[in-house]
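Hello,

Here is the structure I promised to pass on to you. Please open it first, and then read my notes below.

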Amino acid sequence: MATDKELSDFLEDVERRAFKQAVYAVRKEESALDIVQDAMIKLAEKYGDKPAPELPMLFQRILQNTIRDYFRREKVRSSWISLFSSFGNKQEDQENFDAMDMIEAEEGSFGSETGLVKLERKQILEFIEHEVQNLPSRQREAFLMRYWQDLNVAETAAVMGCSEGSVKTHCSRATHALAQALKAKGIYL
């Protein structure tokens, strides 16, 4: 059973990463904050009595389900808004009318992207993941801690057991290597 301190420390540790994950999924900072807060509350209320080692997996599941719930609510909200706005519309061909044709994704949201854009982004991310795996181990370790886990230079140095200057060097070399690999592939971000 996790103590209150263990639960609190876990939530404090996971907060930034969860927020980034939620922002990446929903593309709205305010909504992402709400999602992370809801997920943390659900974990504390329903699973606070679980052992500390189980908390990360439980929290990830709760966070993913909360993100899915957000998209479901948004879809329903958009449907109702579209349906109510179409009541005043006198269309000649009511038989072929489909309310889903009226729904438009919000500009800049994940749903507004074309299939080609989604495919290109997926391919670029797969290429980047492959190139990150090809980095030397220390560069990869520093790069992932700094830019994925969002640790600062001092925290990364403490975890890696090296100086802050070494962390900066490893990160610089990793970003240059990734940039060269992307440039060679014709990808400019």
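Below is what was found, going from the helices to the cysteines.

This is a predicted model, in which local features need pLDDT of at least 70, side-chain atom pairs count only at pLDDT 80 or more, and totals for chains, interfaces and linings use all residues. Residues are numbered from 1 along each chain as its sequence is written, and side-chain values use heavy atoms, with hydrogens and water left out.

Let's begin with helix α1, residues 4–26 (helices are DSSP runs of H or I, at least four residues, numbered from the N terminus). Helix α1 bends by about 45° at Glu-15, where the bend is the angle between axes fitted to the seven residues ending there and the seven starting there. Its buried residues include Leu-7, Phe-10, Leu-11 and Val-14; buried means under 20% relative accessible area, with a 1.4 Å probe and protein chains only. Just after α1, Arg-27 has a positive phi of about 65°.

Next comes Thr-66, in helix α3 (residues 55–85). Thr-66 counts as buried because its relative accessibility is 2%. Beyond its neighbours within four places in sequence, Thr-66 is in contact (heavy atoms within 4.5 Å) with Ile-35, Asp-38, Ala-39 and Lys-42.

In helix α5 (137–147), Gln-139, Ala-142, Phe-143 and Met-145 are buried. They pack against α4, α6 and α7.

How many disulfides are there? The count is zero, a disulfide being a pair of cysteine sulfur atoms within 2.5 Å. Cys-171 has no such bond because the closest cysteine sulfur, in Cys-162, is 9.3 Å away, too far for one.

Best wishes

Technical notes:
Buried means under 20% relative accessible area, exposed over 50%, partly exposed in between (1.4 Å probe, protein chains only). Helices (H or I, at least four residues) and strands (E, at least two) are DSSP runs, numbered from the N terminus.
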